[in-house]
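Q: Got a minute to go through this one with me? I'd like to start with the pocket and then move on to the ligand.

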Amino acid sequence: MSRKISPSILAADFNNLGRDILMINRSEADWIHFDVMDGVFVPNISFGLPVIQAVKKIATKPLDVHLMIVNPDLFIKPFRDSGADILTVHYEVCNHLHRTLGAIRNEGMKAGVCLNPHTPVEVLQDIINEIDIVLLMSVNPGFGGQKFIYNTYQKVIKLRRLILEKEAHALIEIDGGVNLSTGKLLFEAGADVLVAGSFIFDAEDPCSTIHQLKVI
Ligand code: DX5
Ligand code: ZN
C-alpha cells in the first residue's frame, strides 16, 4: 500500500491560502485535507463551502474533506458540487451510516468514516466493507496543534486486523498530532494516510517537511 500525506489547511496561512495550495500542488502530498467545523459537533468553527470552491479552482490534488459537523447528510451534494473528492463523516453523528455512505458514493465521492478517540474500531465491524477510508482522530477534534493520543497506535493495529479479517478495502487515515516520530510509528502500525497540519505549516520549509513525512 503506498503511503500518503494529506496536509490539513486548517494550519495554513489564510492570508496566503493560494500560495499554500500551490506549494501543496508542487509537493509530494497526495491529497489536501479540509477540516470543516460547525461549532456544534466540535467547540470550534473553521470554514465551509466557499473555501472548498476556491481551492478546487487551483488544486491539482484530490480534496479530502473531513466533516466535523452535525447533520452531514444535508451537505453531501453541496460538498460534491464544491469539489470534494473524498467526504468523511463522523460515526458519532450518523444514525443511518450505511445510507449516508451510499449517498456519498452515489455522488461520485469516496466515502469516509471518522472515529473520535473514545470510539472503538469494533463499531465498524458490520459496515467496514462499505467504507473507502477510516479516519482515526488522534486528538480530540476541534483544534490543530494538540498533543497526540498514544492509544491511537493500538486502534490502528486493531483496525488493520479487522480490515484483513473482513477482506475490506478501506484505507486507514490518521488525523492529529502527526509529526516525524508519531508518523513513523503510525505507518509501522499499519496506517496508509497521515493528515498533518501544524507540523507542516509551522515548519521553515513545508514542502520539504511533506517530503520527510512521505519517506519516513
Ligand atoms: C482536529 C483537526 C486537526 C488537524 C491536524 O479537529 O482535524 O487534527 O487536522 O492538526 P495538527 O496536525 O496540527 O495536529
Ligand atoms: Zn481532519
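A: Sure. First, what counts as a pocket here: on a 1 Å grid over the protein atoms alone, it's an open set of points with protein on both sides within 12 Å along at least five of seven lines. Keep in mind that this is a predicted model.

Q: Okay, what volume does the largest pocket have?
A: About 280 Å³. There are 26 residues lining that pocket, and the closest to its centre are Gly144, Gly145, Gly176, Gly177 and Ser198.

Q: Which elements give two or more residues to that lining?
A: Strands E2 and E8, plus helix H7 (198–201).

Q: And how does the lining of the largest pocket split by class?
A: It has 13 nonpolar, eleven polar and two charged residues.

Q: Where does ligand 1 sit?
A: Ligand 1 is in the largest pocket. The shell around ligand 1 has 18 residues, and Asp35, Gly142, Asp175, Gly197 and Ser198 come nearest.

Q: What's the class breakdown for the shell around ligand 1?
A: Eight nonpolar, eight polar and two charged residues. Strand E2 (32–37) and strand E8 (193–196) each supply at least two residues of that shell.

Q: Now the polar contacts. How far is an oxygen atom of ligand 1 from the side chain of Asp35?
A: An N or O atom in the Asp35 side chain is 2.5 Å from a ligand 1 oxygen. On the backbone side, a polar atom of Gly197 is 2.7 Å from an oxygen of ligand 1, and a backbone N or O atom of Gly145 lies 2.9 Å from a ligand oxygen.

Q: How much of ligand 1 does the protein bury?
A: 99% of the 370 Å² that ligand 1 exposes when taken alone.

Q: Switching to the backbone: what's the phi of Asn71?
A: Near 50°, so a positive value in a residue other than glycine. Most residues other than glycine have a negative phi. Asn71 is in the loop between strand E3 (63–68) and helix H3 (76–82).

Q: And what about Glu167, is its phi positive or negative?
A: Positive, near 50°. You'll find Glu167 in the loop between helix H5 (152–165) and strand E7 (171–175).

Notes: Residues numbered from 1 in each chain as written. Chains lettered and ligands numbered in written order. Predicted model: local features only at pLDDT ≥ 70, side-chain atom pairs only at ≥ 80, totals over all residues. Heavy atoms only, no water. Near = heavy atom within 4 Å. Polar contact = N/O pair within 3.5 Å; in protein donor to acceptor, adjacent residues only side chain to side chain. Areas by Shrake-Rupley, 256 points an atom, 1.4 Å probe, with all protein chains shown as cover. 1 Å grid on protein atoms, 1.4 Å probe; cavity = no way out; pocket = protein on both sides within 12 Å on 5 of 7 lines; lining within 4 Å. Sits in = over half its atoms within 2 Å of the grid points. Helix = DSSP H or I, 4+ residues; strand = E, 2+ residues; numbered from the N terminus. Nonpolar A, V, L, I, M, F, W, Y, C, P; charged D, E, K, R; others polar. Points joined across faces, edges and corners; volume = space filled by probe spheres on them.
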